[in-house]
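Here is a short walk through one model, meant to be read with the structure open beside you. Take a moment to find your bearings before reading on.

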Amino acid sequence: MLVADGVDLFYGPSQAVRGASLVLRRGETAAITGPSGSGKSSLLYCLAGVLPVVAGEVRFEGSSLGDLGDEELSALRRSRFGFVFQYGELLPELTVEENAALPLRLAGQRKPAALAAAGEVLGRLGLADLRTRRPSQVSGGQSQRVAVARALVHRPAVVFADEPTGSLDSANATAVLEEFLTLARSQGTAVVLVTHDADVAAKADTRYTMVDGVLTAQGRGQR
Ligand SMILES: Nc1ncnc2c1ncn2[C@@H]1O[C@H](COP(=O)(O)OP(=O)(O)OP(=O)(O)O)[C@@H](O)[C@H]1O
Ligand SMILES: [Mg+2]
């Protein structure tokens with residue numbers, strides 16, 4: 001469904017991604033680990049069509065992202081992709097349920113239906129009681145779960161997650177990551193997860209390591 005084939009990315013003269021190839025099948029989870037500065041985030045930006053690749057190709061459902069215009073690409077990102085970032089990055093002026101409903105609202109869904117769908121995903125993450133709070137009124141782990149709910153609420157084909165629990169202690173981080181992978185699997189959403197957590201990486205369907213811009217497949221996980 002998502003295929004990277006020999007992707008190169010440069011920042012000016014310096015090369016951040018060197019000939020990266022990856023295959024993500026429908027509903028599958030892939031984990032990427034590797035040292036700081038090795039190019040993991042850069043690769044994620046290429047896969048998600050946020051940064052254009054210089055050589056090689058990223059294909060999603062058969063079309064090359066490089067062939068899409070800016071508007072097509074943003075529409076694709078909005079409707080078919082979801083994102084979770086290191087610090088969650090919720091909008092402080094919106095409630096928990098409004099944050100989680102955002103992708104549906106951006107897709108034009110009416111507020112009551114969007115909030116109902118958000119409420120269901122929040123419930124599955126144990127956050128039903130926090131729906132009307134602001135992000136400043138919930139804990140770090142809870143706000144990461146809200147970010148997970150927001151990434152999954154529109155049932156995207158792929159969620160790109162870049163150290164989504166970077167701000168949490170390790171026990172809490174592992175719990176949130178496991179809930180995230182379980183929920184994504186249950187709705188058939190594929191995940192590309194950058195993580196330092198080796199235990200969580202082992203639970204992914206496929207594992208990759210990145211060193212100095214070079215992505216290497218490590219084979220299948222425990223599942
Ligand atoms: N916008 C940019 N302009 C120039 N160089 C950049 C830019 N973003 C990243 N780099 C460089 O590209 C390389 C890869 O960075 P990247 O952020 O992809 O690494 P990473 O594996 O995600 O690291 P970390 O684990 O610390 O998040 C690094 O050497 C970094 O300094
Ligand atoms: Mg990074």
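Let's begin with the helices: α5 and α6 cross in a right-handed sense. Please keep in mind that this is a predicted model. Helix α6 covers residues 170–186, and its axis runs 10 Å from that of α5, at an angle of about 20 degrees. Angles under 35 degrees count as roughly parallel, and therefore α5 and α6 are roughly parallel to each other.

Helix α5 (residues 140–152) also meets helix α3 (residues 96–106), where the two axes come within 6 Å and cross at roughly 30 degrees. This pair, α3 and α5, is therefore roughly parallel as well. The crossing of α3 and α5 is right-handed.

Now to the ligand. Which residues surround ligand 1? The shell consists of Y11, A16, P35, S36, G37, S38, G39, K40, S41 and S42. Sorted by class, that shell has six polar residues, three nonpolar ones and one charged one. Helix α1 (residues 40–47) supplies three residues, the largest share of the shell.

Some backbone atoms in this shell pair with oxygen atoms of the ligand, as the table shows.

| Residue (backbone N or O atom) | Partner | Distance |
|---|---|---|
| G37 | an oxygen atom of ligand 1 | 2.8 Å |
| S38 | an oxygen atom of ligand 1 | 3.2 Å |
| G39 | an oxygen atom of ligand 1 | 3.0 Å |

How much of ligand 1 does the protein bury? Taken alone, ligand 1 exposes 630 Å², and the protein buries 53% of that.

If you would like a place to start in the viewer, try G37, where a backbone N or O atom lies 2.8 Å from an oxygen atom of ligand 1. From there, you can look for helix α1, the source of three residues of the shell.

Definitions and conventions. Residues numbered from 1 in each chain as written. Chains lettered and ligands numbered in written order. Predicted model: local features only at pLDDT ≥ 70, side-chain atom pairs only at ≥ 80, totals over all residues. Heavy atoms only, no water. Near = heavy atom within 4 Å. Polar contact = N/O pair within 3.5 Å; in protein donor to acceptor, adjacent residues only side chain to side chain. Areas by Shrake-Rupley, 256 points an atom, 1.4 Å probe, with all protein chains shown as cover. Helix = DSSP H or I, 4+ residues; strand = E, 2+ residues; numbered from the N terminus. Nonpolar A, V, L, I, M, F, W, Y, C, P; charged D, E, K, R; others polar. Axes fitted to C-alpha atoms, helices over the stretch in contact; angles between N-to-C directions. Parallel < 35°, antiparallel > 145°, perpendicular 65-115°, else oblique. Left-handed = near helix turned anticlockwise from the far one by under 90°.
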